[in-house]
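Me: I'm new to this structure and would love a close look at its aromatic rings and what surrounds them. Could you walk me through them?

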Amino acid sequence: MEQPWIHKPKTDLAFIIGPSFFVLAIIFIFQDYITQIEENYSFYTWLFLIVFIDVAHVYATLFKTYFVADEFQKQKRRLILLPIICLVTGIVLFSFGSLVFWSFLAYVAVFHFIRQQYGFMRLYARKETKTKISVWIDNLTIYASTGYPMLYWFFSSKRKFNWFVENEFFRFENQRILEILFWIYIGILGLYMVYTAVKSIQNRFFNIPKNSIILGTALSWYFGIVYFNNDLIFTLLNVVSHGIPYMALVYFKEIDGKSESELGSLSFLKQYKGILIYIGILLLIAFSEEFLWEFFVWNENITVSTFDFSSWQIVLVPLLSVPQFTHYLLDGFIWKSNK
């Protein structure tokens with residue numbers, strides 16, 4: 001059986017599987033300089049990691065939904081109603097306090113990040129002969145790889161990083177629970193390794209991309225949340241391992257993988273330097289959104305306003321969060337397939 005690459009071996013390894021391993025290698029090589037980078041280059045790390053990757057990847061969804069005429073017509077009702085629902089939900093949540101709003105969004109974001117890794121794992125397992133046991137072990141492993149670090153976050157001493165804001169997650173420090181969770185985690189990973197080794201020998205086939213995505217997920221989540229307790233390291237592993245593979249997937253499947261007639265008005269993206277235009281569009285929209293956040297809400301990285309918009313936060317924050325919130329929810333529908 002051929003390896004079930006999504007696009008091509010080189011591009012999958014570079015942009016979907018590789019980011020987790022690449023970032024982890026960089027962290028171990030330069031870990032002595034992490035604090036210095038955080039202190040002296042905070043604006044550039046924010047610009048590159050948060051704006052140009054985290055925020056930008058949200059808008060890659062446009063190239064599978066709103067920018068695609070046929071797809072928009074198929075899902076017109078959902079694509080129109082969902083942002084409205086997100087806005088109304090956001091305003092209601094924010095009316096109970098900003099922490100309620102950000103806490104809710106943080107839990108939704110975590111679920112979204114976990115499900116993306118599950119989705120990549122399933123894509124790379126699509127050609128395997130599946131049994132109830134094999135699917136159960138695969139699912140258990142990918143959820144353990146992401147779930148254990150999050151549970152560690154909830155039950156450990158205070159971490160030096162947040163998903164969005166301080167005190168967004170439920171926390172209950174308990175060392176005994178952590179010990180139990182650790183051995184369950186080790187047991188699940190051990191079970192997966194033994195099962196995979198046995199099946200690979202029996203079938204004379206080792207699924208490189210699927211096992212690589214599981215390994216990369218386990219390493220990035222463990223080192224980003226459990227092993228290291230550093231804001232920049234968490235952001236690097238969290239954002240790069242999530243954002244770049246998503247942007248790559250959209251380009252490979254929705255642009256490069258389609259003919260010019262299927263793309264219609266987006267056919268120019270298949271032409272020379274099309275990928276640069278695709279990236280440029282994402283960066284431009286991302287920077288525009290983040291500029292609005294800075295102007296109306298944060299005023300942290302770019303000093304752009306002397307006006308006080310604090311009385312408008314109940315509308316502004318949910319409104320500016322609509323693209324992000326919509327992306328989290330839409331992703332649960334647009335990648336589903338009956339095949």
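To start us off: which residue lies over the face of Phe333?

Reply: Happy to help, and please keep in mind that this is a predicted model. The residue you are after is Arg78, placed 4.1 Å from the centre of the Phe333 ring. A comparable arrangement involves Lys64, whose charged end sits over the ring of Trp335 at 4.4 Å from the ring centre.

Phe333 falls within helix α13, which covers residues 313-334. This helix has 22 residues and reaches 31 Å from its first C-alpha to its last, close to the 32 Å expected at 1.5 Å a residue. Even so, α13 has a kink of about 50° at Val322, shortly before the proline Pro323.

Now for rings that meet other rings. The count comes to 44 aromatic pairs. One of them joins Phe28 and Phe223: the ring centres are 5.3 Å apart and the planes stand at 80°, over the 60 degrees that the label requires, so this pair is edge-to-face. Phe28 belongs to helix α1 (residues 9-30) and Phe223 to helix α9 (residues 208-227), so the pair ties together parts that are 195 residues apart in sequence. Phe28 counts as partly exposed, at 34% relative accessibility, whereas Phe223 is buried, with a relative accessible area of 14%.

A second pair to look at is Trp102 with Trp293. Their ring centres lie 6.0 Å apart and their planes are at 45°, so this pair is tilted. Here too distant parts of the chain are linked: Trp102 is in helix α6 (residues 98-124) and Trp293 in helix α12 (residues 274-298), 191 residues apart. Trp102 is buried, at 8% relative accessible area, and Trp293 is buried as well, at 3%.

Returning to Phe28 and Phe223, you will find both in one aromatic cluster, whose members also include Tyr148, Tyr152, Phe182 and Trp183.

Finally, let's turn to the nonpolar cores. The largest has 58 residues, and Phe63 and Tyr278 are among those that touch the most other members, along with Ile16, Ile213 and Leu282. Helix α10 (residues 231-256) supplies the largest share of this core, 14 residues. Leaving aside residues up to four places away in sequence, Ile16 touches several aromatic residues, including Phe120, Tyr124 and Phe252, and its contacts also include Ile213. Apart from this core lies another, of 38 residues, and among them is Tyr148, which you have already met in the aromatic cluster.

Conventions. Residues are numbered from 1 along each chain as its sequence is written. This is a predicted model: local features need pLDDT of at least 70, side-chain atom pairs count only at pLDDT 80 or more; totals for chains, interfaces and linings use all residues. Side-chain values use heavy atoms; hydrogens and water are left out. Helices (H or I, at least four residues) and strands (E, at least two) are DSSP runs, numbered from the N terminus. The expected span of a helix is 1.5 Å times one less than its number of residues. The bend at a residue is the angle between axes fitted to the seven residues ending there and the seven starting there. Rings of Phe, Tyr and Trp (its six-membered ring) pair if their centres lie within 6.5 Å; planes under 30 degrees apart count as stacked, over 60 as edge-to-face and the rest as tilted. Buried means under 20% relative accessible area, exposed over 50%, partly exposed in between (1.4 Å probe, protein chains only). A charge sits over a ring if NZ of Lys or CZ of Arg is within 6 Å of the ring centre and within 35 degrees of the ring normal. A nonpolar core is a set of buried Ala, Val, Leu, Ile, Met, Phe, Trp, Tyr and Cys residues joined through side-chain atoms within 4.5 Å. Contact means heavy atoms within 4.5 Å.
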